[in-house]
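Please examine the sequence and the structure shown below. The briefing that follows is arranged by topic.

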Amino acid sequence: MRDSKFLFAAARNLRIVLAAAGNRRFLFAAIGNFRFLLAAVRNLAILLAAAILFFFSSNASAQLQQNDSERQLFEALNRERAAQGLSALQWDAALFKAARLHALRMANLNMLEHQLPSESNLETRLAEAGARFSVIAENIAVGPTPPIIHVGWMDSPGHRKNILDPRLTSVGIAAVRGQGGLFAVEDFSQSVPELSVEQQEQKVVSLLAALGFRTAAATDEARRTCQSDAGLTGNLPKSIMRFEVFDLNKLPEDIERKIRSHANSRAVVGACRANTAPGFSHYRIAVLFF
């Protein structure tokens, strides 16, 4: 009888152990589901942030607004450039849009990277935001405050070089508070304005006039010549120049030197292949000398 009671007790204890094992499996399953839920919520937060930013920044009537941290970093950057005799960088809405989206993604993932998982590279991110450029650069950081982040950049040779690069003309800066601190992004570019063919030609005509070519003008003949990779169309000129530049406010020294060698000629100008797409951009010009 005593052995029988012992067997019943052992059976009861076995049921308890089995129940505990079942509960443990349930607990592990619950933990796995909870981790999956956390990952889903985090991914959803990133998607929502991106969707909200895209909606508002693509709406002409709703512009992204600088926050105080972004203003502090912008002012600190241009103070450094002024101290070195460099021109101030201009605020660029497209670069700002790209920087803000990247900062939001970093803050939500709590990661500091120039290219996050499943994210495009810098060139593509800036182009998708609508920026046109010939040179680009990016600084990123995470820290407690804007002044500390700026000092860290200036103490880093690579980041300092970007801030003081004389080629750069535009910037967009974002600062987003996350779990790991203040995530900051500076997206730089040498911007290339979007100009029509006629606007490009007028700029070149003005530059030629300043060099003494008072009769310079834009013609369809010069445009057709610009569109061809080689050879001439229409009346044969004495000489022809084709060149590509990203800045029509001044001519490169080698181009200007060649143009000056035709000082006694009549010049006509043609532009073509106006690059209206965002991303790396340039202007293509032909100058015919008669």
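The points below concern confidence, salt bridges, one helix and a set of paired strands.

This is a predicted model, in which local features need pLDDT of at least 70 and side-chain atom pairs count only at pLDDT 80 or more, while totals for chains, interfaces and linings use all residues. Residues are numbered from 1 along each chain as its sequence is written, and side-chain values use heavy atoms, with hydrogens and water left out.

**Confidence**

- The average pLDDT (the predictor's confidence in each residue, from 0 to 100) is 82 for the protein, and 76% of the residues score at least 70.
- Residues 1-41 have pLDDT under 50 throughout, and the model gives them 0 contacts beyond four places in sequence; a contact means heavy atoms within 4.5 Å.
- Residues 52-61 also have a pLDDT below 50, but this stretch has 9 contacts beyond near neighbours in sequence.
- Where pLDDT is low, the predicted coordinates should not be read in detail.

**Salt bridges**

- Side chains of opposite charge can pair when their charged atoms come close.
- A salt bridge is counted when a side-chain nitrogen of Lys or Arg lies within 4 Å of a carboxyl oxygen of Asp or Glu, and the count here is 10.
- Glu70 and Arg100 form one salt bridge, with their closest N and O atoms 3.0 Å apart.
- Because Glu70 belongs to helix 2 (residues 68-83) and Arg100 to helix 3 (residues 93-109), this pair ties together parts that are 30 residues apart in sequence.
- Helices (H or I, at least four residues) and strands (E, at least two) are DSSP runs, numbered from the N terminus.
- Glu70 counts as buried at 0% relative accessibility, and Arg100 counts as buried at 13%; buried means under 20% relative accessible area, exposed over 50%, and partly exposed in between (1.4 Å probe, protein chains only).
- Glu244 forms a salt bridge with Arg284, where the closest N and O atoms are 3.3 Å apart.
- This pair links distant parts of the chain, 40 residues apart: Glu244 is in strand 6 (residues 239-245) and Arg284 in strand 9 (residues 283-289).
- Glu244 is partly exposed, with a relative accessible area of 44%, whereas Arg284 is buried, with 10%.
- Arg260 and Glu256 also meet in a salt bridge, at 3.0 Å from N to O.
- Both of these residues lie in helix 9 (residues 253-260), 4 residues apart, which is about one turn of the helix.
- Arg260 is partly exposed at 47% relative accessible area, and Glu256 is partly exposed at 26%.
- Arg105, Glu119, Arg125 and Glu138 are joined into one network by salt bridges that share partners.

**Helix 3**

- Helix 3 is mostly covered, as 14 of its 17 residues are buried.
- Asn110, whose phi is positive, near 55°, follows helix 3.

**Strands 2, 3 and 4**

- Strand 4 (residues 181-191) is mostly covered, with 10 of its 11 residues buried.
- Strand 2 (residues 132-143) and strand 4 run antiparallel and are joined by 10 bridges; two strands pair if DSSP finds at least two bridges between them.
- Asn139 has Glu186 in strand 4 as its bridge partner.
- Strand 3 (residues 170-178) pairs with strand 4 in the antiparallel sense over 9 bridges.
- Val176 stands opposite Phe183 in strand 4.
- A hairpin of 2 residues joins strand 3 to strand 4.
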